[in-house]
Amino acid sequence: MLRSFQVTNHRFLAGPQELRPVGNRSGALPAPVTAIRGAVATGKSSLVDALAHMRDAVLNSVSGWDPYAGPVRAPHLGFADRPSEFAVTFVAEGVPYSYGFRLDRADVVEEWLHTSPHQRKRVVFERSGEQIRIGAQFDSARYGIGALTPLVRPNALLLGLAGQLHAEALTPAHRWFADRLDVVGGAGDPREIEHRLGSHLSRSAEHAARLLTLLRGADLGVEDILVPAPDPMYADYLRELDGEIAVATKEADACLTTPGHAVELEHSHGLTPAALNRELANLRAARDTLYARMADRRGVGVSLVHTGVDTAIDVAAESTSTLALLRLLPAVLDALDIGRVLVVDDLDLHLPTDVAARLIAMFTEPDTNPRGAQLIYTTRAEPAAARHTSVWSLHRTESGTGELVAR
């Protein structure tokens, strides 16, 4: 669950901007759908890119950033010498967290992770330059945070290093970025679209049937999707992982709907719901890695059958609207299945209006969104008034930068 996101000095967004996806329900619970409306050049893509950049920094700053260069960042061109800051509040494994960092040209200037169990703030760690303070409630010898502090580079994130080395106290926060946040932005690469589509379809006949039903309902002329049989070298391993994922998912669903089942599972197998969801995330990651290796070896090979056309069409040759939908469907369905926060730039840009509305509505209905997934999307059009929807606007200021305003 995403509660708020703040960004300062990233691309078109020079000043501090805060997004709080709170709907019109009682209390301050995040809305399942948040729409951000803005004209061209108001900063919509910059906002989505900021969330993607924060996620990438957590997951890749240790292994992906040049150790001899400054942090990877994209400040506003008019304020390149000023730091860039990113901060987010979220709920992971039932516990509220706040996490953020500040970057300048050379180093990670600040980084912090706080948690608030029972509405009481606790410092997990606070980093200022080379100094890292660990909260009194977290025994560094037991949880391993203290052992990591000498290893973190000045231009990499401690949370990223902790995720790679599995420091227990930081695992829930790192896993939220890795498994619970998905960002779809920028120009869609047909090869990446085909890869994710093929991976999604190959998981089960039910996955394929559900996606095909939605695709047919979009009235884009698609009649069927052809997916090659798994490579024999990988087929047994994929089948085994899919079986384990199905069993673990069934157990997680039972824990979600029946509290007594969660107690029984912990008593019989020593697994809490949080530990079970961690195992599910590990299985999904292993499955994705194995599928990627198979696709690298023999290609994805997905093609679409259109009404009245005898020859199946490769994904890369599809129309702009079909590609846009093929790009979104796996991300939407995965978000609903897992309970992810899905962030999409210009969701309705290349989609028929009714198709975009149908995808958005899937997040507002309990029947199609039982795990509390969230959709945050940008649009140039006026969002339709709907319950369970938070609406924001992005404007261009007199100084030529973007400004985010709640409506």
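**Figure 1. Strand 9 and strand 13 pair in a parallel sense.** Four bridges connect strand 9 with strand 13 (residues 341-344); two strands count as paired if DSSP finds at least two bridges between them. The model is predicted, so local features need pLDDT of at least 70 and side-chain atom pairs count only at pLDDT 80 or more, while totals for chains, interfaces and linings use all residues. Residues are numbered from 1 along each chain as its sequence is written, and side-chain values use heavy atoms, with hydrogens and water left out. Helices (H or I, at least four residues) and strands (E, at least two) are DSSP runs numbered from the N terminus. Aspartate 182 stands opposite leucine 342 of strand 13.

**Figure 2. The six-stranded open sheet has mixed pairing.** Its strand order is 9-13-14-3-15-16. Strand 9 (181-184) and strand 16 (402-406) are the edges; each has a single partner strand, so one side of each is left without a neighbour in the sheet. On average, neighbouring strands here are turned by 15 degrees against each other, direction ignored. Helix 1 (residues 44-60) lies across strand 3 (33-38), strand 9, strand 13, strand 14 (374-379), strand 15 (389-396) and strand 16. The direction of helix 1 makes about 140 degrees with strand 9. Axes are lines fitted to C-alpha atoms, for helices over the stretch in contact, and angles run from 0 to 180 degrees between N-to-C directions.

**Figure 3. Threonine 378 is a buried residue of strand 14.** Its relative accessibility is 1%, and threonine 378 therefore counts as buried (buried is under 20% relative accessible area, exposed over 50%, partly exposed in between, with a 1.4 Å probe and protein chains only). Leaving aside residues up to four places away in sequence, threonine 378 touches Ile36, Lys44, Val48, Val344, Asp345, Asp346, Leu347 and Asp348. Contact means heavy atoms within 4.5 Å.

**Figure 4. Glutamate 365 sits in a loop before strand 14.** The loop runs between helix 12 (353-361) and strand 14. Glutamate 365 has 36% relative accessibility and so counts as partly exposed. From glutamate 365 to threonine 322 the C-alpha to C-alpha distance is 25 Å, with their positions 43 residues apart in sequence.

**Figure 5. The seven-stranded open sheet is antiparallel.** Its strands follow the order 2-1-4-5-6-7-8. At the edges are strand 2 (17-19) and strand 8 (131-134), each pairing on one side only. Neighbouring strands of this sheet are turned by 5 degrees against each other on average, direction ignored. Strand 7 (residues 122-128) pairs with strand 8 over four bridges, and glutamate 126 stands opposite arginine 133 of strand 8. Helix 4 (residues 158-165) packs on the sheet and touches strand 5, strand 6 (108-115), strand 7 and strand 8. Its direction makes about 120 degrees with that of strand 7. Helix 5 lies across strand 1 (2-8), strand 4, strand 5 and strand 6, at about 105 degrees to strand 4.

**Figure 6. Aromatic residues form a cluster that includes Trp176 and Phe177.** The other members are Phe86, Phe90, Tyr97, Tyr99 and Phe101. The whole structure has seven aromatic pairs; rings of Phe, Tyr and Trp (its six-membered ring) pair if their centres lie within 6.5 Å, and planes under 30 degrees apart are stacked, over 60 edge-to-face and the rest tilted. Phenylalanine 90 and tryptophan 176 are stacked, at 4.3 Å centre to centre and 20 degrees between the planes. This pair links strand 4 (residues 84-92), which holds phenylalanine 90, to helix 5 (residues 171-179), which holds tryptophan 176, across 86 residues of sequence. Both phenylalanine 90 and tryptophan 176 are buried. Tyrosine 99 and phenylalanine 177 are edge-to-face, at 5.8 Å centre to centre and 75 degrees between the planes. Here tyrosine 99 of strand 5 (residues 95-103) and phenylalanine 177 of helix 5 are 78 residues apart. Tyrosine 99 is buried, with a relative accessible area of 1%, and phenylalanine 177, at 1% relative accessibility, also counts as buried.
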